[in-house]
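Visitor: Could you pick a single part of this protein and walk me through it closely? I am new to this, so please explain the words as you go.

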Amino acid sequence: MRVTSAALPSDPPIDDTELSTTETLDRSLLSAVARSGEIEQALATDASRFRVLTGDRPTGRLHLGHYLGTLANRVRLQDLGVQTMLLVADYQVITDRDDAGPIAERTRELVTDYLAAGIDPARTTIFAHSAVPALNQLMLPFLSLVTDSELRRNPTVKAENEATGGRPMSGLLLTYPVHQAADILFCKANLVPVGKDQLPHLELTRVIARRFNERYAGGATVFPSPDALLSEAVNVLGVDGQKMSKSRRNTIDLAMTEDETTKQLKRAVTDSDRNITYDPVGRPEVANLLSIAAQLGAGTPEALAAQIGDGGGGGLKKLVTEVVNEHLRPIRARRRELEADPGYLASVLAEGNARANEIADATLAEVRDAMGMTYR
């Protein structure tokens, strides 16, 4: 199926040589914010005009931070009628580590979490990087379109490299933004849900699409210029008051039992003031718990704080535990059903891989035609 860009106002051209400057990124952000609002209106009118690419690295079970930050929104877009491609980014696991770990097991866990949360494989294509060769082959022509300095200036590459503590950067990490461009463009996605910190990645994808069209396709549109659907950063804190993260063991996993959730939330950091108020700046840990309950449909943070009143941290944790367990109960029940049927999970991924390969093969054939590399 051919996907065209939604009929929205065009972005002003961006000087490729200045992609890393604060001024250019600020301009990109302002443009993305304006277009994101227009896109939400277009989604309500005709969501079928859009194809979304999104995904996760299979590094462990998904938790409440993932659910509130991205997963619930993916289900929303799917239910609106958006064509959704959901990537299990198994190759990206090895961009910054020597060992991928039990990747088959973690991929199965990821697919289980997706389906339990409401992803429908009949409407959303779930596939794995390593199972789609033509997607990864797009890396070669795309790498010819970017410079070493452009890659090294990318904020994520810089941050990941600094986090290695001086260890030499792998070639896969350096070219990580180009691999992301291949993910997005192989299926001609025209919409990518991102946070503001991910805009430089998407901007480079847009540059690669434009340069390919100009250099190899004579100005014809082989690849659309994908738009960002900006999401508000949902910084869910873990029970220790730090960002919820698998590596910190401070998460509320979707796979946890209700008892495990209760025990974990009892450990949650609050403060000594018994009067519960919603103050994100002055009382971030308390505000975080109130925000979690609010995002799960229990009411506004302010109303929940008033409801708890002088109940203190104990009352707050009790309320949040009840809300979390109630909301996740059907997801967990569905998860248990899925875990009992590994054959079904395998078939979902196999069918998604097959659909992704059809799309990738067609795109690669079009790329070869544009580059004069079709030999018959």
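Guide: Happy to! Helices (H or I, at least four residues) and strands (E, at least two) are DSSP runs, numbered from the N terminus. This is a predicted model, where local features need pLDDT of at least 70, side-chain atom pairs count only at pLDDT 80 or more, and totals for chains, interfaces and linings use all residues. Residues are numbered from 1 along each chain as its sequence is written, and side-chain values use heavy atoms, leaving out hydrogens and water.

Let's look at strand β4, which covers residues 191-194. Start in the loop that lies between α9 (176-186) and β4, where you will find Lys 188. Lys 188 is not a glycine, yet its phi is positive, at about 55°. With a relative accessible area of 8%, Lys 188 is buried (under 20%; exposed means over 50% and partly exposed in between, using a 1.4 Å probe and protein chains only).

Now step onto β4 itself. Leu 191 and Pro 193 are on one side of the strand, Val 192 and Val 194 are on the other, and all four are buried. In other words, both faces of β4 are covered.

Who is the neighbour of β4? Strand β5 (residues 227-230) pairs with β4 in the parallel sense, over four bridges; a pair needs at least two bridges found by DSSP. To see one of these partnerships, find Val 192 in β4: its bridge partner in β5 is Ala 228.

You can also trace the chain from one strand to the other. Together, β4, helix α10 (residues 199-215) and β5 form a right-handed β-α-β unit. Right-handed means that, with the strands pointing away from you, the path from the first strand over the helix to the second runs clockwise.

Carry on past β5 and you enter the loop between β5 and α11 (258-266), where Arg 249 sits. Arg 249 has a positive phi of about 55° although it is not a glycine. Is Arg 249 buried or exposed? Arg 249 is exposed, with a relative accessible area of 71%, whereas Lys 188, back in the loop before β4, is buried at 8%.

For a second β-α-β unit, go to β1, helix α2 (residues 64-80) and β2, which also make a right-handed one. There, β1 (residues 51-56) and β2 run parallel and are joined by six bridges, and Thr 54 stands opposite Leu 86 in β2.
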